[in-house]
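Please open the model in your viewer with the sequence panel alongside, and keep a selection tool ready. The stops below are meant to be taken in order.

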Amino acid sequence: MRAQKMPLDFGGEEAAKAFPSRLLTAVVIGCVIFQANEAIEVHIGKLSTIVVLNGTDVELPCTFASCMDFKDSIFWWTFQKNQTSEESKIIHIKLKDKTPHIFPSEEYDRVTFIGNIKEKNISLLLADVDFEDNGFYTCYFKNPQEKNQEANASLQLRVVSELVKVDNTVTVIILAVIGGLIGLIILIFIIKKLVMFIIKRVGKKKKECLVNSCANTERGHYGSKTDLKTPRKA
């Protein structure tokens, strides 16, 4: 008696129908875990130290990044005369449904918020700076949507009476020397290619002349033998 083959069953139609929903659930859970572990960030730009002329205005740049929604986030700036002194709050910004509510400090009446929360920009403008403004400015960001994670970044402001012009003579000389060397290498390469081309052409012409000369010599040699034969007398 032959054994009857039983069809393999992996859950049938019910499992096939449930697969998309299970996959979607797994993807959502993975995204939530990833976002929960993703740290928020604050950036103050490329320069960690800003040098500004006394009596002018200066922008204190700051941007933030967050994978989660930041509709109820909190931002604030602090000032520190030196790294050992206490921080004093300059400005406090609280979002309510992504609408910023700005609370400037009365002590820093020359500070204006010039950022754009929608563009994740919380920069400040410090007007009419003086030497008392020398110090460290720190930008803070706190997001309740990311388990109240907090991030900050600091920059140093240096107020000077005169901006020192940077002498770029050495840099210009170095760049000129490098450019000259590169040009010389290119010129040598072109001359080498040209010389090789001329040598190749001259060699080809010499070869053609040699072949033609040999052919003419052979034809003259055979002709001279024929001419040297004396006719027989009748």
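Begin by selecting C139, which is buried, with a relative accessible area of 0%; bear in mind throughout that this is a predicted model. Now add C62, also a buried residue, whose relative accessible area is 1%. The two cysteines form a disulfide, and their sulfur atoms are 2.1 Å apart. A disulfide is a covalent bond between the sulfur atoms of two cysteines. If you look along the S-S bond, the link of C62 and C139 is left-handed, with -80° about that bond. Because C62 lies in the loop between β3 and β4 while C139 belongs to strand β10, the pair ties together parts that are 77 residues apart in sequence. A search of the whole structure finds 1 disulfide. For contrast, select C67, which counts as partly exposed at 43% relative accessibility.

Next, switch to a cartoon view and colour the strands of the sheet. It is an open sheet of 6 strands, in the order β2-β11-β10-β5-β6-β7, and its pairing is mixed. Strands β2 (49-53) and β7 (99-104) stand at the edges, each with a single partner strand, so one side of each is left without a neighbour in the sheet. From one strand to the next, the twist averages 20°. Strands of a sheet pair through backbone hydrogen bonds, either parallel or antiparallel. For a pair to examine closely, select residues 74-80 (β5) and 88-96 (β6), which run antiparallel and are joined by 6 bridges. Within that pairing, the bridge partner of W77 in β6 is I91.

Keep W77 selected and add I90 and Y137, for these are the residues with the most contacts inside the largest nonpolar core, which has 33 residues. The elements that give two or more residues to this core are β2, β3 (58-60), β5, β6, β8 (111-113), β9 (124-126), β10 and β11, and the largest share, 5 residues, comes from β11. Which residues does I90 touch, leaving aside those up to four places away in sequence? Showing its surroundings brings up W77, T78, F79, P104, S105, Y108, V111, L124 and Y137.

From the core, move to S73, in the loop between β4 (63-65) and β5. Is S73 buried or exposed? With a relative accessible area of 0%, S73 is buried. A polar atom of its side chain lies 3.1 Å from the backbone oxygen of F70. Beyond residues up to four places away in sequence, S73 touches I93, K94, L95, F141, K142, N143 and P144.

The last stops concern backbone geometry in two loops. Most residues other than glycine have a negative phi, and most peptide bonds are trans. Select N148, in the loop between β10 (135-143) and β11 (149-160); its phi is near 60°, a positive value in a residue other than glycine. N148 counts as partly exposed, at 44% relative accessibility, and, not counting residues up to four places away in sequence, it touches K142 and N143. A distance line from the C-alpha of N148 to that of I74 should read 9.7 Å, although these residues are 74 apart in sequence. Finally, select K120 in the loop between β8 and β9, where phi is likewise positive, near 60°. K120 is partly exposed, with a relative accessible area of 27%.

Conventions: Residues are numbered from 1 along each chain as its sequence is written. This is a predicted model: local features need pLDDT of at least 70, side-chain atom pairs count only at pLDDT 80 or more; totals for chains, interfaces and linings use all residues. Side-chain values use heavy atoms; hydrogens and water are left out. Two strands pair if DSSP finds at least two bridges between them. Helices (H or I, at least four residues) and strands (E, at least two) are DSSP runs, numbered from the N terminus. Axes are lines fitted to C-alpha atoms, for helices over the stretch in contact, and angles run from 0 to 180 degrees between N-to-C directions. Buried means under 20% relative accessible area, exposed over 50%, partly exposed in between (1.4 Å probe, protein chains only). Contact means heavy atoms within 4.5 Å. A polar contact is a pair of N or O atoms within 3.5 Å; within protein, one must be able to donate a hydrogen and the other to accept it, and residues adjacent in sequence count only if both atoms are side-chain atoms. A nonpolar core is a set of buried Ala, Val, Leu, Ile, Met, Phe, Trp, Tyr and Cys residues joined through side-chain atoms within 4.5 Å. A disulfide is a pair of cysteine sulfur atoms within 2.5 Å.
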